[in-house]
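Please walk through the model below, from its interior space to its sheets and cores.

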Amino acid sequence: MPPIISLKDLSKTYKSGFEALKGVSLDIDKGEIFALLGPNGAGKTTLISIICGIVTPSSGSVTVGGHDNVTDYRAARAMIGLVPQELTIDMFETVWGTVSFSRGLFGKWPNPAHIEKVLKDLALWDKKDSKLITLSGGMKRRVLIAKALSHEPSVLFLDEPTAGVDVELRKEMWQVIRDLRDSGVTIILTTHYIQEAEDMADRIGVINNGELILVEDKRELMHKLGKKQLTLELHEAIDAIPPALESHDLTLANEGSELIYTYDSQGTRTGITHLLTDLAQAGIRFKDLDTTQSSLEDIFVGLVRREP
């Protein structure tokens, strides 16, 4: 099956000379949740704006569902729903009115049944006659999603969808996004909440300084770059790591009462057995141990720090 979005050697240089994107190529498959991560100013918003036809690239091409988003702009844009980070809505309009109006902007005939389904799916039906100014922040963000879905797009861009939303509402929003994916909508998500990407995404892309430095299946990324840590709680605190243990690259923590050993859990040998033998020979006893896995946030920070 061909990708629903295909980017080829996409670059953008602004008149100021700032190079926002540098030769980005990427294919996104139908029905996946793709998370785009990167620090502020990395190029995330520029990339989304180009795909949506809001910003013109300096070079390269974008196709959406096989439609070039320059030469066949209307067909390409009609396949896309965009949920911006900012609340760009008329606060004195009703929920029903603003969502229905958005459908009309794409030249779609009125379809009250579809609008009703969207509002019910997003738990907005009982608010359909309410003015937007009366809604909570979380409800307003749901309205943005409803507006983006009003014309039945195949692709949904979510730019920081849960920014400023409390934890409970954030979890509800995650479920809404999963349900959309299950219905066949392709989701492209940018977020500063890396847990959001770790919990939801099928694939992860990391962009920094305008370059796409990594695109990987989430599980494969965790498999390849994830590390585990073994923390040993000692019977008695020590002032320094004995010379006999220096080859294990241990870290002394918690005022000398813990030893931390970092290892590759996917390697042919973890080195733990050797470490425990050397600990016993050095006369260092421990009363408890614990293992932790690197999070996606640890991996992301490590990748970005390695970039110039």
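The predicted model holds 1 cavity of 30 Å³ or more. The volume of this largest cavity is about 40 Å³. Its lining is made up of Leu26, Ile28, Phe34, Leu36, Leu47, Ile48, Ile51 and Ile188. By class, that lining counts 8 nonpolar residues, no polar ones and no charged ones. Three elements give two or more residues to the lining: β2 (19-28), β3 (33-37) and α1 (44-51). The largest share, 3 residues, is that of α1.

Helix α1 is itself worth following. Of its 8 residues, 7 are buried, so the helix is largely enclosed by the rest of the structure. The buried residues are Lys44, Thr46, Leu47, Ile48, Ser49, Ile50 and Ile51. Just after α1, glycine 53 adopts a positive phi of about 80°.

Strand β2, one of the elements in the cavity lining, also belongs to an open sheet of 4 strands. The strand order in this sheet is β2-β1-β4-β5, and the pairing is antiparallel. At the edges stand β2 and β5 (67-68); each has a single partner strand, so one side of each is left without a neighbour in the sheet. For β5 the pairing is with strand β4 (residues 59-64), in the antiparallel sense and over 2 bridges. Within this pairing, valine 64 lies opposite histidine 67 of β5.

Parallel pairing is found elsewhere, around strand β7. Strand β6 (residues 80-83) runs parallel to β7 and is joined to it by 4 bridges. One point of registration is glycine 81, whose bridge partner in β7 is leucine 156. Strand β8 (residues 186-190) also pairs with β7 in the parallel sense, over 5 bridges. There, valine 155 stands opposite threonine 186 in β8.

How many residues of strand β7 (residues 155-159) are buried? The count is 5 of the 5, so the strand is largely enclosed by the rest of the structure. In a regular strand, side chains alternate between the two faces of the sheet. In β7, Val155, Phe157 and Asp159 point one way, while Leu156 and Leu158 point the other way, and all are buried.

Leu156 and Leu158 appear again in the largest nonpolar core. This core has 37 residues, and those touching the most other members are Ile145, Leu156, Leu158, Leu180, Ile187 and Ile204. Helix α5 (residues 137-149) supplies the largest share of the core, 6 residues. Leaving aside residues up to four places away in sequence, isoleucine 145 touches Val83, Leu122, Leu156, Leu158, Met173 and Leu180. Another core lies apart from this one; it has 26 residues, including Ile4, Leu7, Ala42 and Ile48. Ile48 is also among the residues that line the largest cavity.

A last stop is threonine 98, located in helix α3 (residues 95-105). Is threonine 98 buried or exposed? Its relative accessible area is 6%, and residues count as buried when this value is under 20%, so threonine 98 is buried. Apart from residues up to four places away in sequence, threonine 98 touches Glu93, Leu132, Val143 and Lys147.

Note on methods
Residues numbered from 1 in each chain as written. Predicted model: local features only at pLDDT ≥ 70, side-chain atom pairs only at ≥ 80, totals over all residues. Heavy atoms only, no water. Core = buried A, V, L, I, M, F, W, Y, C linked by side-chain atoms within 4.5 Å. Buried < 20%, exposed > 50% of the residue type's maximum accessible area, 1.4 Å probe, protein only. Contact = heavy atoms within 4.5 Å. 1 Å grid on protein atoms, 1.4 Å probe; cavity = no way out; pocket = protein on both sides within 12 Å on 5 of 7 lines; lining within 4 Å. Points joined across faces, edges and corners; volume = space filled by probe spheres on them. Nonpolar A, V, L, I, M, F, W, Y, C, P; charged D, E, K, R; others polar. Pairing = 2+ DSSP bridges.
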